[in-house]
Amino acid sequence: MSRSVDDRVDRADGADLAPAEAFALLGNETRIEILQALHEATVECVDDTPIQFSELYDRVDLDDSAHFNYHLKQLLDHFVRKVECEPAVDAAEDCVEGYEFRTPGWKVVRSVFAGTFTGRSELGPFDAPGDCYECGGALEARYANELLTVACTDCGRTPVNYPFPPGGLADRTPAEFLDAFHHHVRHHYCLAADGVCPECMGRMETSVTTETAMPGQEVAVEHVCGRCDNRLTSAVGVNLLDTAPVLTFFAERGVDLTTDPFWTHPWTVSDVHTTVVAEDPLRVRLDLPCDGDAIRVTVDGTLQVLAAEPVDPADASDLSA
Ligand SMILES: [Zn+2]
Ligand SMILES: [Zn+2]
């Protein structure tokens, strides 16, 4: 599919739509079917042209074209755009009249596919790669209530617990599912650490705090979205998966942090390599081990990386794991 409606800034022509009005507009099965038909037709369309009325109509199970037209019109302005040709301007370009998504319409369809609104799935428990950061026990994964949990089979610790849309289970083996989950979480924390809410794209504020309720943890990172109040709390390490010196240090030793399931590195999900070296102002140090070496990363209370350099493993603390 070549169309990338997402990539451009797109606002409906009218005023902002209140959430209640948006849900009201979508509270109709025919309209959801029209959006899904537009999606199918767009995916199958090879020449990137708008989808014509007749093609949309044929794909929706409705025999009354006036009725169909009425619902399609309700979607215009906010969810679907009508592309019209001006003969004088467009004749030479073989302009095709039809319909295409506005960004909100596209998002509705994707949410349905992701199963955010409709999914009901469970999976596992099944074996997960890596060892427990606490006791070295084997890990197993379980998916229920739209959350993926990775837990230790011996001591019961839960290093990983994060939402994942059920659409991600379709057509994937458990191993592929874990792989997709890893990328999902890594990208969410990379976005959050860059100040962008992964749910609503609003502004996120990041703080490092020693007042954490996370079990067994002395220090945590909290990202809070000022727009939708999305809150992500984690160990410090998982937020460093996109930090250039860390990526490079591991890559030079043959470890690809972009593809390794993050929880297989204990420093991403625990404090085992993390030390609070000063309280005011806050300074937190992580000594991240790899292949007998270590890189020392120091961050401040906003997660700003103050320093990142290899250290002599003999000088690094807590490198046993
Ligand atoms: Zn354990
Ligand atoms: Zn948000």
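## Two residues with positive phi

In this predicted model, Asp 171 counts as exposed because 8 C-beta neighbours lie inside 10 Å, and the cut-off for exposed is 12 or fewer. Asp 171 sits in the loop between β6 (160-163) and α7. Its backbone is worth a look too: Asp 171 is not a glycine, yet it has a positive phi of about 60°.

Glu 146 also has a positive phi, about 65°, and is not a glycine either. You will find Glu 146 in the loop between β4 and β5. Glu 146 has 16 C-beta neighbours inside 10 Å, so it counts as partly exposed. As background, most residues other than glycine have a negative phi, and most peptide bonds are trans.

## Two cis peptide bonds

Let us turn to the peptide bonds. One cis bond joins Gly 124 and Pro 125, with omega at about 10°. Pro 125 belongs to strand β3, which covers residues 123-131.

Another cis bond links Asp 280 to Pro 281, and here omega is about 0°. Pro 281 is located in the loop between β10 (274-279) and β11.

## The hairpin around Pro 281

That loop is part of a hairpin, in which two residues connect β10 to β11. The two strands pair in the antiparallel sense, over five bridges. To trace the pairing yourself, start at Thr 274, which stands opposite Leu 286 in β11.

## The nonpolar cores

Now for the interior. In soluble globular proteins, nonpolar side chains tend to be buried together. Here, the largest nonpolar core has 47 residues. Val 150, Tyr 189, Val 236, Val 246, Leu 288 and Val 297 are the residues with the most contacts inside this core. Several helices and strands supply at least two residues each, among them the strands β4 (138-144), β5 (147-152), β7 (204-209) and β8 (220-225). Strands β11 (282-290) and β12 (293-299) do this as well, as do the helices α7 (174-193) and α8 (244-251). Helix α7 gives the most to this core, with seven residues.

Tyr 189 is a good place to look at the packing in detail. Which residues is Tyr 189 in contact with, leaving aside its neighbours within four places in sequence? They are Leu 232, Ser 234, Val 238, Asn 239 and Leu 241. A second core, separate from the largest one, has 14 residues. It includes Leu 35, Leu 38, Val 80 and Trp 106.

Note on methods
Residues numbered from 1 in each chain as written. Chains lettered and ligands numbered in written order. Predicted model: local features only at pLDDT ≥ 70, side-chain atom pairs only at ≥ 80, totals over all residues. Core = buried A, V, L, I, M, F, W, Y, C linked by C-beta atoms within 7 Å. Buried ≥ 20, exposed ≤ 12 C-beta atoms within 10 Å, placed from the backbone. Helix = DSSP H or I, 4+ residues; strand = E, 2+ residues; numbered from the N terminus. Contact = placed C-beta atoms within 7 Å. Pairing = 2+ DSSP bridges.
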